[in-house]
Amino acid sequence: MSLRRSAYFALLVLGLLSALSAFYVAQLRFNYNFNDFYPAGDPDLDYYQGYTQRFGNDNDYLLLGLEAPKGRTVFDADFLGRVDSLTRLARGQRHVVAVTSPTTLTNPVVEGLGFFNLPYLRPAAYRADPAQRARDSTLIYRTPGLVGNVFSPNARAVALVIQTTPDLKKPPGDSLLAVLRGGLKQYGFPESSYHLAGRAVAQSVFVDRLQRELVVFMSLSVLLVTGLLWFTFRTWWGVALPLVVVLGAILWGLGVMGACGVRIDLMTALLPVMMFVVGTSDTVHIITRYVAELGYGASKKDALRVTIKESGFGSALSAVTTSLGFFTLMTSSIRPIYNFGLFTGIAVLLAFVLSFTLLPALLTLLKKPQLRVARTQGHSWDGVLSRLFRQVLARRRLIFTVSGLVVAASIGLATRVHINSMLLDDLSKSDPVRQDFFFFEKQFAGVRPFELELKPAPGRTVYDLAVLRETARIEDYLRGPYGLRFAASPVTLVKSVRKALHGGGLEAYRLPADSAELRGLQSKLRLFRKKPEFRALALPDGSAGRLTGRMADVGSIRADALNAGLRRFLRTRIDSTVLRTRLTGSSNLIDKNNENLTLNMITGMSIDILMVTLIVLALFKSFKMTIIVLIPNLVPILIVAGVMGLAGVSMKVSTSIIFTIAFGIAVDDTIHFISKLRLTLAHETSVFRAVRHTYLLAGKAVIVTSLILVGGFSTLLFSSFDGTFYVGFLIGLTLLFGVVAELTLLPLLILFFYKRKPVAIEKVLN
């Protein structure tokens, strides 16, 4: 089969595979599921899933905060009327289970055989009897559990706690939010007077922004890469062919995702942008080498043959190391990171396949390009790189000294990096959504859920007096040193029933004084055990209970310290022969991710380093050369860790992937360099000449690919997600430092430590 027929056949096969990929890409959907960020396979996750089956999820709620008009309080009759109308609207929605509102709160009272619910608020009577408003407000602010949960301490805002159906998805969640916003407008609440928070809000905002930002990033990346390719090659095919290859790789990568039924989330949304900048590398190396051979007078066929032969080996190695940088993310127990590592790594390998099938086929079918300037003695880049090489040699002592000082300073600053995460880490503090969440922390109990399961000793129930007293002791600790702003448990139920039996007076809101009094409450408790509010805090048979609450989002570092203190309190102050407990909940699971972040990062980096070590050993049979190659790729990692420490950037789920990815990408150019060096050493008389020839041959591709990579990652700086912003900023910074180390430290280290006699350097400089 002739070369042209082979090219046509390759294009046919690749076209069919691309059509299949396009079919699966059409099946892709965007998704943001808070539960996906729980540590998969963790025993605590299994426990929490069983816990939710007994008591329900701790994040299936929506908070709606309403501020009273300026100069008024929440006890204004007109304001309460509008709040009540909105409450009725929310209650009538399909996916709303229950609504806790100021206008629906009641004080239960039992009189004889009758049971009454007396409302806390009587707005209809306030105009005729202003004293009634004073009595109601006094009662509310003396009643435990109302202030901070439904009423703000300053009486300037109220909150509606809207319980939704379990695991509410985005479409119905968006519909509910749309109805509520419509109702807010209808009942005269301006946008500045209301605040929404909860899972449905975060899910809606994240998915909508993901879709919008994916378009923005891809558009900016296309413009940037197109500009750099034109600046580099100055030909239409030098721009078009790399774009065709990299867009094909993105299509195939997303097609594999679609075929596996994986959705686009906060992490996998980075795949197209990541591939657009990373996938261009091999095409730039191939075209640069191809043009170089044509410039030296080779025919198109010979130039293509030499290019594939000499670039194929280095590109294969770099594809392996780069994909491995992503594959190592599969050590993470967080599903979005696992998927991102898996499918981006696959896409990198697919980009390599297309670079050495699609690109050669297209070059074969195109006419031999007419170079802008006929050259017989080198290229325009040769002079620039030659001068740069001489400057590096002349300032070698300065380069080593500055590198050492920078690394030492970076190591010192890197010790200031802490692992800390919050529930809305990926939104900046000035983001309106996060500001709404801050509103609930400032005016109410907060948005961070707290869950503690209560397990009475065998033979007891959560309604035993000894168990209730131990639970009350835990509640006191949680409201005090721990900082829980709202708490509810079986103790709340017993106190409420006792208060109801004593006419609803606040002085009766306490636990029974003795077992005899408690037995008098047992029959009443049995009547209520199947009510939703009771089932949410205790199982019908009393065999297990729940202590739930909300608090400010203090961050994982502070939460770990608080939980350590809580466990110490439970171990030393609570009688385990009466009551056993277990800390659980969604917040606890998110915090647990931090325990694995450092281990995952170290594991990923270790695998990357091991693979690079094996590659260098296979190429050069030299441990010394292995150290030489690793240094210029680890130095940028250390510098960026120092930058994180200096800037106060915390290690969290989104930033934990930076070092592994950056190392895998940065080592790409090093692999190309040393693979070309190995080939050059075969026919050069000295190491110095081989290094200089490799420097001139690979320098252009190293600079161009690095500019594309840094520029491509810089597009992520436009993201409204802090995690995405820092991924772009810190990886771009790593690659920028990496190309500097590649062009300065790497050749010097090879010459001074791989070469036995560095005399040739002095001769060239003189």
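G65 stands opposite A159 in strand β5. That pair is one place to enter this structure, which is a predicted model. The bridge belongs to the pairing of β1 with β5 (residues 157-164), where 7 bridges join the two strands and the strands run antiparallel.

The surrounding sheet can be built outward from there. It is an open sheet of 4 strands, ordered β2-β5-β1-β6, and its pairing is antiparallel. The edges are taken by β2 (96-100) and β6; each has a single partner strand, so one side of each is left without a neighbour in the sheet. Averaged over the sheet and with direction ignored, neighbouring strands are turned by 20 degrees against each other.

Two helices belong in this picture. Helix α5 (residues 170-186) lies across β1, β2, β5 and β6, and it runs at about 15 degrees to β1. Helix α15 (residues 432-443) also packs on the sheet, where it touches β1, β5 and β6. The direction of α15 makes about 95 degrees with that of β6.

The edge strand β6 deserves a further look. Strand β1 (residues 61-67) is joined to β6 by 5 bridges, and the two run antiparallel. Within this pairing, L63 stands opposite A197 of β6. How many residues of strand β6 (residues 194-198) are buried? The count is 5 of the 5, so the strand is largely enclosed by the rest of the structure. Buried here means under 20% relative accessible area. An edge position in the sheet therefore refers to strand pairing, since each edge strand has a single partner strand; for β6, the burial of its residues shows that the rest of the structure largely encloses it.

In a regular strand the side chains alternate between the two faces of the sheet. In β6, Y194, L196 and G198 point one way, while H195 and A197 point the other way. The residues of both sets are buried.

A second sheet lies further along the chain. It is also open, with 4 strands in the order β8-β9-β7-β10 and antiparallel pairing. Its edge strands are β8 (486-488) and β10 (579-584), each of which pairs on one side only. From one strand to the next, the twist averages 20 degrees. The edge strand β8 is joined to strand β9 (residues 545-551) by 3 bridges, and these strands run antiparallel. A487 has G549 in β9 as its bridge partner.

Helices pack on this sheet as well. Helix α2 (residues 43-55) touches β7 (448-456), β9 and β10, and its direction makes about 80 degrees with that of β7. Helix α20 (residues 556-573) lies across β7, β9 and β10, running at about 170 degrees to β10.

These two sheets sit within a chain whose secondary structure comes to 27 helices and 10 strands. The C-alpha trace spans about 110 × 55 × 50 Å along its principal axes. Of the 766 residues, 57% count as buried. Among contacts between residues at least 6 apart in sequence, 79% join residues at least 24 apart.

The surface and the charges complete the account. The chain exposes about 32300 Å², and carbon and sulfur atoms supply 60% of that area. There are 84 positive and 52 negative side chains. The centres of these two sets lie 7 Å apart.

Note on methods: Residues are numbered from 1 along each chain as its sequence is written. This is a predicted model: local features need pLDDT of at least 70, side-chain atom pairs count only at pLDDT 80 or more; totals for chains, interfaces and linings use all residues. Side-chain values use heavy atoms; hydrogens and water are left out. Buried means under 20% relative accessible area, exposed over 50%, partly exposed in between (1.4 Å probe, protein chains only). Contact means heavy atoms within 4.5 Å. Accessible areas come from the Shrake-Rupley method with a 1.4 Å probe; for residues, only the protein chains shown count as cover. Lys and Arg count as positive and Asp and Glu as negative; His and the chain ends are not counted. The place of a charge is taken as NZ of Lys, CZ of Arg, CG of Asp or CD of Glu. Two strands pair if DSSP finds at least two bridges between them. Axes are lines fitted to C-alpha atoms, for helices over the stretch in contact, and angles run from 0 to 180 degrees between N-to-C directions.
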